[in-house]
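Hi,

Here's the structure I promised to send over. Have a look at it first, and my notes are underneath.

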Amino acid sequence: MRAPRMPRLAMRRTALHGCCRAGFVLWAGGVTALHAQEAYTQSDFGGVGLLQTPTARMAREGEFSFVLSRTTPYTNYNVSMQALPWLEASFRYTNVSNRLYGPRSLSGSQTYKDKSIDAKVRIWEESRWLPAVAVGARDIGGTGLFSSEYVVTSKRAGPFDFSLGLAWGYMGARGDIANPLNFISGRFETRPTSSTGTGNFSTNKFFRGRPGFFGGIEYRSPWQWLLLKAELDGNDYKHQPQNNNQPQRWPVNLGAVFRLNRNVDLTLGYERGEVATAAINLHSNLATHVDPPKTYDPKPEPVAFESTPVDAVQPNPAPANPATRAAPEQVDWPEVATALRDNAGIDVSSIGRRGSELVIHGQQDRFFYSAEGVGRATRIIDNRVDDSIGWLTVASERNGLKTVETSVHRPRFLELLDHRIDLPTFRRSVEQDPVTAREEEVLYRAPLKRFSGGFSLGYQQNLGGPDAFVLYQVYGAASGTFNFTRNLWLDGVVSLNLFNNYDKFKYDAPSNLPRVRTNLRQYLTSSDLTLPNFQLTGTHRLGQDLYGMAYAGMLESMYGGAGGEVLYRPFGERWAVGADVNWVKQRGFDQDFSFRRYHVITGQATGYLDTGFHNVTLAVSVGRYLAGDWGTTIDVSREFANGARMGAYATVTNKSGSAGYGEGSFDKGIYVSIPFDMLLPHSSRSRATLLWQPLIRDGGARLNKRYTLYTLTNDLDSDLFDKNLGKISE
């Protein structure tokens, strides 16, 4: 038996859109630990604040909020994310109930909708003598109807939290003082009134014009369920955008927040001395969210000193008597492979031996946190194999690509289960190594499972268009995969429309580029039975840390063709580089096997960097997009310890800002990616990705590939493994 090995260098480092069910389960679970003294409430506009105005406070890291507020004539639908301790981002739709979206010939009687992106940055935190200070901007892109920039301070005194700020634009429209920035340049004296155009950043307005003061008091009552707010509003409601002037008796707003439970707040208020207001806030913390009990998972096999669980979903074998354990040559390996699949979630390809080390080669298909599968596998082996095996290694595979070997010292694992050592001590007996060619005695080779498939329900939506605020579809999907080898497979998806309101979808966005994405309406309304994906895919490990993939077929709902990708992802490093090249042709609107005339060569080279700062990953892509434009996409995301991710992206091409670009000057969006494991009573490796993309554009459009090598090699993310190592004993 070899001595415990020291761990090697830690390794560093798509999706279901419109997943309302995922968000509802997360909010309704009520499992986020919420302490009144730490939790700050959201404003009517989203983001931590009072009623109409922000404060310098920030929500806890990982906080995710949806706020629906009504202040006549405005209804705000806000999504806010606290990706970093000092950075808050929000996306908002505002419904203006007394203004039409556009000409009746275009949108009928639908009311006006405005899209906004907000951001707030904390400059410094509150100290004993100094207040917290933050700067921020609202509606920084698009029409700029509600655009505003501000500086705000906050200071606590017992149960009272005082805020005072100075705002430019909408929030400071009362114009209390001359602009203090006039000494820099005379251009700060006047604020432009014209729109910056749909989808453009309104930087030409920043901090210009006469600013107004705002502020207020929040009182935390002795009851955790009640907070009271009073604020001085700096807006001038008698001079509103779109000439939508509103009566205002006084600039003071009053409100009360009722904390209905850990995840739901109700705000009632009286604003402008004229109108009653209401808001509902559904929120949860992705960073501290506790997974629901996995009542539908099989219980892990007990080992010799543990009793058999009585509440197991399915019968578990009794702990093995050490005398009944067999030498590796005498073990029933087909039975072991079945147990590994059913209990540890590992689809075994082969089992081998390297002296005192047993190696399980296979793909983890059930557990999002690989440590849990490794722990269950170690229990299974311990119940069947004698003490000639001291180390168990799980050699991870994903679609035929070998990624990482995770080794566990068996005696130390048993000590952990018996509570004789703690987790940090046990960590020294776990190592992760790169996959290398090593001599190995093959004990078992599993037959290839040729076919797999399933059925599911799906939902997709489009928000904020001129035809209707919400266009939606509910569909049924059948998927199937046929494996020629472990590295070569054919898979596809057939989708059947069940019901939708896309009959209202008549708007085609303006564009002078090739219509590579803005034909969305035709793809969604032409046929009830579609084939969104049907492709042949092959993978190959080209060398140490070098991975390759090739594919051909109907690659997504709008494009078919062929392409390839390579990725260099060094073991133990925080960076990776890759590139893909694709020849694609536009598919017919029925999403069958027909094609339209347009075709293009597209692809990008991408660099990935785990910055080591709050688990922020930066991905920069450079290349050619579907409309033939050349440019760059920058994606910045934050991953929390449990695998939840918040991010934002922006794409700028050589067509950005040109007359032919259509709506907006560049593409942008924010997203949240949540492991289903955080939401469901059974383990899952799938994710729900909620994407907010203000506009569908032809410029900067990328191919929506079903597989990417960076995703397929995510088992190389040792941060996720280390932070969830405790699951190895669950």
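A quick bit of vocabulary before I start: two strands count as paired if DSSP finds at least two bridges between them. Keep in mind that this is a predicted model.

Strand 15 (residues 391–398) and strand 16 (residues 401–409) meet that condition, pairing in the antiparallel sense over 7 bridges. Within that pair, leucine 392 sits opposite valine 408 of strand 16.

The two belong to an open sheet of 6 strands, ordered 17-16-15-14-13-18, with mixed pairing. Its edges are strand 17 (430–434) and strand 18 (441–445), each of which pairs on one side only. From one strand to the next, the twist averages 20 degrees.

What lies across the sheet strands? Helix 4 (residues 370–382) does, crossing strand 13 (346–354), strand 14 (357–364), strand 15 and strand 16. Helix 4 runs at about 135 degrees to strand 15.

Now the nonpolar cores. The largest has 37 residues, and Trp333, Leu340 and Ile728 touch the most other members. Elements giving two or more residues to this core include strand 13, strand 14, helix 4 and strand 15. Helix 3 (333–344) is on that list too, and the largest share, 6 residues, comes from helix 3.

Leucine 340 is worth clicking on. Leaving out residues up to four places away in sequence, leucine 340 touches Gly345, Ile346, Val348, Ile351, Ile360, Ala377 and Ile380.

There's also a second, separate core of 34 residues, with Leu401, Phe571, Val600 and Leu716 among them.

Cheers

Terms used:
Residues are numbered from 1 along each chain as its sequence is written. This is a predicted model: local features need pLDDT of at least 70, side-chain atom pairs count only at pLDDT 80 or more; totals for chains, interfaces and linings use all residues. Side-chain values use heavy atoms; hydrogens and water are left out. Helices (H or I, at least four residues) and strands (E, at least two) are DSSP runs, numbered from the N terminus. Axes are lines fitted to C-alpha atoms, for helices over the stretch in contact, and angles run from 0 to 180 degrees between N-to-C directions. Contact means heavy atoms within 4.5 Å. A nonpolar core is a set of buried Ala, Val, Leu, Ile, Met, Phe, Trp, Tyr and Cys residues joined through side-chain atoms within 4.5 Å. Buried means under 20% relative accessible area, exposed over 50%, partly exposed in between (1.4 Å probe, protein chains only).
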